[in-house]
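Hello, notebook. Today I am going through one structure and jotting down what I look up, one topic at a time.

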Amino acid sequence: MSDKVAPFWETKTLDEMNQEEWESLCDGCGLCCLIKLQDDETDEIVYTSVVCPYSDTETGQCKDYANRSVNVPTCVQLTKEKVAEFDWLPDTCAYRMIYRGQGLADWHPLISGNRLSVKNAGVGLLSIPIVVDKIDIDYEDYIMPKP
């Protein structure tokens with residue numbers, strides 16, 4: 001028998017996780033920071049390749065994570081209470097995967113032990129051509145398939 005303890009994401013529900021565990025589920029892909037558009041008639045959400053100006057294009061991380069909701073009032077804070085509404089996030093999002101009972105991808109930093117594994121797997125903001133948001137940009141010119 002193995003004395004190895006199963007990792008928290010395999011033994012706890014999202015509701016049972018503390019804030020540190022919840023935050024560590026984020027793989028840092030940065031795809032949540034892409035500007036998305038919602039069709040007024042159908043409610044369909046489409047992705048653009050335009051990224052929030054607070055996104056670090058070298059790391060995919062937020063440059064001011066602690067103040068993200070102040071800096072960008074439309075920034076959606078991902079919380080346990082709203083996880084069922086995260087269908088607009090990529091299918092590879094760890095929050096969605098755990099919520100659906102799928103576990104984590106092999107390239108997730110909690111599995112690989114390497115923060116660069118997301119980039120090395122070709123997943124996330126650093127694996128697609130992006131444009132940093134600025135005044136007068138027409139988001140519709142940058143619509144792309146959901147990553």
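**Entry 1: aromatic rings**

I began with the rings and found that W22, F86 and Y95 form one aromatic cluster. A caution for myself before going on: this is a predicted model. Next I asked how many aromatic pairs the structure holds. The count came to 3. I then looked at F8 and W9, whose ring centres are 5.1 Å apart. Their planes stand at 85°, so I logged the pair as edge-to-face, a label that needs an angle over 60 degrees. I also checked whether these two residues are buried or exposed. Both F8 and W9 are buried.

**Entry 2: the largest pocket**

On to the pockets. How much space lies in the largest pocket? I get about 1000 Å³. I count 41 residues in its lining. Nearest the centre of this pocket are C32, C33, C75, V76 and W88.

I wanted to know which elements give two or more residues to that lining. They are helix 2 (19–24), strand 1 (34–38), helix 3 (68–71) and helix 4 (94–99). Strand 1 contributes the most, with 5 residues. I sorted the lining by class as well: 27 residues are nonpolar, 8 are polar and 6 are charged.

**Entry 3: the second largest pocket**

The second largest pocket holds about 170 Å³ of space. Its lining has 15 residues. Which of them lie nearest the centre? I wrote down G28, T59, Q61, R115 and L126. By class, I have 6 nonpolar, 5 polar and 4 charged residues here.

**Entry 4: S24**

Back to helix 2, where I looked up S24. S24 has a relative accessible area of 25%, so I note it as partly exposed; buried would need a value under 20%. What does S24 touch, leaving aside residues up to four places away in sequence? My list reads F8, H108 and L110. F8 is already in my notes as one ring of the edge-to-face pair. I also took a C-alpha to C-alpha distance from S24 to R100: 18 Å in space, with their places 76 residues apart in sequence.

**Entry 5: Q102**

R100 came up again when I turned to Q102. A polar contact of 2.6 Å joins the side chains of Q102 and R100. I find Q102 in the loop between helix 4 and helix 5 (109–112). Q102 is partly exposed, because its relative accessible area is 47% and exposed starts over 50%. For a longer reach, I checked Q102 against V46. These two are 56 residues apart in sequence, and their C-alpha atoms are 24 Å apart in space.

**Entry 6: S117**

S117 belongs to helix 6 (residues 117–120). Why do I count S117 as buried? Its relative accessibility is 10%, and the cut-off is under 20%. I found a polar contact between the side chains of S117 and S112, at 2.7 Å. Not counting residues up to four places away in sequence, S117 touches W107, H108, P109 and S112. H108 is also among the residues that S24 touches.

**Entry 7: G124**

G124 sits in the loop between helix 6 and strand 3. G124 counts as buried too, because its relative accessibility is 4%. Beyond residues up to four places away in sequence, G124 touches C29 and L31. I compared G124 with P90 as well: they are 34 residues apart in sequence and 9.3 Å apart in space, C-alpha to C-alpha.

**Entry 8: positive phi**

Last, I looked at backbone angles. D43 has a phi near 70°, a positive value in a residue other than glycine. I place D43 in the loop between strand 1 and strand 2 (45–51). D136 also has a positive phi, about 70°, although it is not a glycine. Where is D136 found? It is in the loop between strand 3 (131–132) and strand 4 (143–144). I note D136 as exposed, because its relative accessible area is 77%.

Technical notes. Residues are numbered from 1 along each chain as its sequence is written. This is a predicted model: local features need pLDDT of at least 70, side-chain atom pairs count only at pLDDT 80 or more; totals for chains, interfaces and linings use all residues. Side-chain values use heavy atoms; hydrogens and water are left out. On a 1 Å grid over the protein atoms alone, a cavity is a set of points where a 1.4 Å probe fits but cannot get out, and a pocket is an open set with protein on both sides within 12 Å along at least five of seven lines; lining residues have an atom within 4 Å of a point. Grid points are joined across faces, edges and corners, and a volume is the space filled by probe spheres set on the points. Helices (H or I, at least four residues) and strands (E, at least two) are DSSP runs, numbered from the N terminus. Ala, Val, Leu, Ile, Met, Phe, Trp, Tyr, Cys and Pro count as nonpolar, Asp, Glu, Lys and Arg as charged, and the others, Gly among them, as polar. Buried means under 20% relative accessible area, exposed over 50%, partly exposed in between (1.4 Å probe, protein chains only). A polar contact is a pair of N or O atoms within 3.5 Å; within protein, one must be able to donate a hydrogen and the other to accept it, and residues adjacent in sequence count only if both atoms are side-chain atoms. Contact means heavy atoms within 4.5 Å. Rings of Phe, Tyr and Trp (its six-membered ring) pair if their centres lie within 6.5 Å; planes under 30 degrees apart count as stacked, over 60 as edge-to-face and the rest as tilted.
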